Amino acid sequence: MSHFTIWDTLVLVAYIALTAAVGAWMGRKQGSTEDYFLGGRKLPWWAVGLSVMATQASAITFIGAPGWGYEGGLERLITFVNAPLAIGFLIAFLVPMFYRSGVYTVYEFLERRFDVRARVLAACLFLLARGLATGIVLYAPALVLSVVTGWPVNWTILLMAVIAVSYTVLGGISAVIWTDVMQMLVLWLGAGLSMVVMLDALPGGWSEVISVARDNDMLHPINLDTAPSATYSLWAGVVGGFFLHVAYFGADQSQIQRVLTSRSEHESKRSLILGGFLLVPQMMLFLFIGIMLYAFYAHTGAPNVDNPNELFPRFVVTELPPGISGLVVAGVFAAAMSSLDSALNSLSAVSVRDIYQRFIKKDASSAHYLAASRWATVLWGVFATCFAFFAGNLGPVIEAVNKVGSYFNGVLLGAFWLAILSRRVNATGAFFGLVIGVVVVWSLTSVVEMSWLYYNLVGVVVVVVAGHLVSRCTGGRPSVSQLKGLTFARRPEKDAATTPSVRGWIIALILYFFGWIVFLFWLQSL
């Protein structure tokens with residue numbers, strides 16, 4: 001068994017230095033917040049698409065998904081199988097409106113459709129949710145570094161925070177996306193090499209993995225339990241998970257901001273379509289690595305770990321050849337920095353555009369707002385670092401991130417649902433719909449035993465119903481300027497969302513979803 005050698009350390013340092021250099025290079029010509037937050041709206045669709053993929057193959061997934069697979073097999077794949085449907089909904093309804101409006105943050109859209117109250121409340125909800133989740137994202141790579149070096153995890157949290165914040169302040173969204181492309185290739189390579197090593201170590205190879213998985217019910221992804229408390233049932237995954245991913249990719253600035261960097265509306269949709277087809281097999285790959293770890297340690301002896309998040313990092317360090325383990329750990333760090341800088345960049349964008357520039361300093365220069373954006377990045381880095389110290393108590397990191405987002409993202413999606421798909425809801429209805437939605441979602445979590453996958457669905461339903469009821473009670477319909485070009489019912493006649501090519505991709509995504517459902521039922525029968 002090998003350990004983290006000097007060669008691994010050199011590879012790790014070189015890769016981190018390369019990533020930082022890319023960040024500095026991308027930041028050298030930034031002269032405005034449009035460059036810093038949107039890359040000048042000139043990034044290619046395939047790079048944006050791989051960046052979207054990288055959010056799912058981040059350090060969180062690289063660490064958390066194998067832990068999931070080790071403990072429960074393919075059970076939690078059902079949470080992600082809805083992704084093709086969610087992407088189809090996004091490219092049909094949300095992306096066209098966001099891109100055409102020319103906004104920097106999606107919460108600006110809410111002010112145009114409603115008023116400043118809806119914008120500020122939505123922005124504050126995002127800042128709270130994403131700020132907390134970023135602390136968890138910071139904890140994940142710090143845990144890897146702790147496992148590799150033996151240093152206390154609190155020390156590694158501080159080290160990773162300094163690296164990530166420094167890199168983010170320099171790079172902006174262009175650096176986020178191009179480093180995401182790099183880390184995707186490295187992570188896929190690391191996952192493939194890890195699988196080869198595990199298969200080579202097992203006398204029975206692939207057949208032994210399948211045999212162990214069958215004997216331990218790890219190939220049973222379908223749970224037909226209809227109880228709301230059944231966390232990973234088919235219904236929670238398909239219905240609740242659909243709203244989870246629509247909210248995540250459509251109402252969370254850290255995700256939709258990437259799509260807004262594309263050269264055109266058509267390219268923004270193509271970038272999401274790429275993720276729609278690859279997200280599910282990618283998650284299955286990392287879950288299956290967890291199953292293979294189970295078979296590997298069943299053969300070599302149980303690992304001495306208490307935290308499932310440590311399983312795959314420890315395997316990488318102790319079992320992969322020297323140099324290769326350094327490359328894989330470097331990929332985890334690069335993934336972490338890409339995830340962190342995208343989150344910090346979006347937190348900075350919302351803080352500056354929706355709060356600072358809107359209320360505090362309205363008529364400053366581009367250079368002033370660019371400097372303010374970088375200082376906001378630093379402050380959010382400090383906030384995330386403080387929360388990261390407590391993230392180890394939240395259980396598996398990937399589930400912790402999704403849970404934090406589910407308290408808020410469904411409510412935010414409800415506001416955009418009202419904005420884009422309804423012409424009757426006024427500003428007062430939208431504002432109080434948001435308030436009531438937050439109160440109801442948080443109250444339900446303490447009084448009703450329910451899968452967290454349903455939180456987004458509950459948030460959307462409550463906001464939509466409350467928004468309509470309050471609008472009817474308060475009276476007053478939106479003005480023509482609040483509707484024209486901002487609602488799906490008032491879209492231009494020649495709408496790219498309904499062109500034959502886009503309709504064809506949406507139909508393909510729907511069929512792809514049903515193909516996965518059939519495949520999972522076939523696995524269930526093995």
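These are my notes on the salt bridges and nonpolar cores of a predicted model.

**Entry 1: salt bridges**

I started with the charged pairs and got nine salt bridges for the structure. I picked three of them to look at in detail, then checked for a network.

**Entry 2: Arg-358 and Glu-111**

Arg-358 pairs with Glu-111, and I get 2.7 Å between the closest N and O atoms. Next I looked up where the two sit. Arg-358 is in helix α14, which covers residues 324-360, and Glu-111 is in helix α6, residues 106-113, so this bridge ties together parts that are 247 residues apart in sequence. I also checked how open the arginine is: Arg-358 comes out as partly exposed, because its relative accessibility is 24% and the buried class stops under 20%.

Is this pair part of something bigger? What else is linked with Glu-111 and Arg-358 in a network of salt bridges? I found Arg-119 and Asp-354 in there with them.

**Entry 3: Asp-252 and Arg-130**

Here the side chains meet at 2.6 Å, N to O. This pair also links distant parts of the chain, 122 residues apart. Asp-252 is in the loop between α10 (234-250) and α11 (253-259), while Arg-130 belongs to helix α7, residues 116-149. Buried or exposed? I looked up both partners: Asp-252 is buried at 2% relative accessible area, and Arg-130 is buried at 9%.

**Entry 4: Lys-269 and Glu-265**

This one stays within a single helix. Both residues lie in α12 (residues 265-300), four residues apart, or about one turn of the helix. Their side chains form a salt bridge at 3.1 Å, N to O. Lys-269 has a relative accessible area of 2%, so I file it as buried. Glu-265 is buried as well, with 12%.

**Entry 5: nonpolar cores**

Then I turned to the nonpolar side. The largest core has 167 residues. Which residues have the most contacts inside it? My list reads Val-81, Phe-98, Tyr-107, Phe-109, Phe-114 and Leu-293. Helix α7 supplies the largest share of this core, 18 residues; that is the helix that also holds Arg-130.

I followed up on Leu-293. Skipping neighbours within four places in sequence, I find Leu-293 in contact with Pro-66, Tyr-70, Met-198, Leu-311, Phe-312 and Phe-315.

Last lookup: another core lies apart from the largest one, and this other core has eight residues. Leu-43, Ala-47, Leu-50 and Val-181 are among them.

How values were computed
Residues numbered from 1 in each chain as written. Predicted model: local features only at pLDDT ≥ 70, side-chain atom pairs only at ≥ 80, totals over all residues. Heavy atoms only, no water. Salt bridge = Lys/Arg side-chain N within 4 Å of Asp/Glu carboxyl O. Helix = DSSP H or I, 4+ residues; strand = E, 2+ residues; numbered from the N terminus. Buried < 20%, exposed > 50% of the residue type's maximum accessible area, 1.4 Å probe, protein only. Core = buried A, V, L, I, M, F, W, Y, C linked by side-chain atoms within 4.5 Å. Contact = heavy atoms within 4.5 Å.
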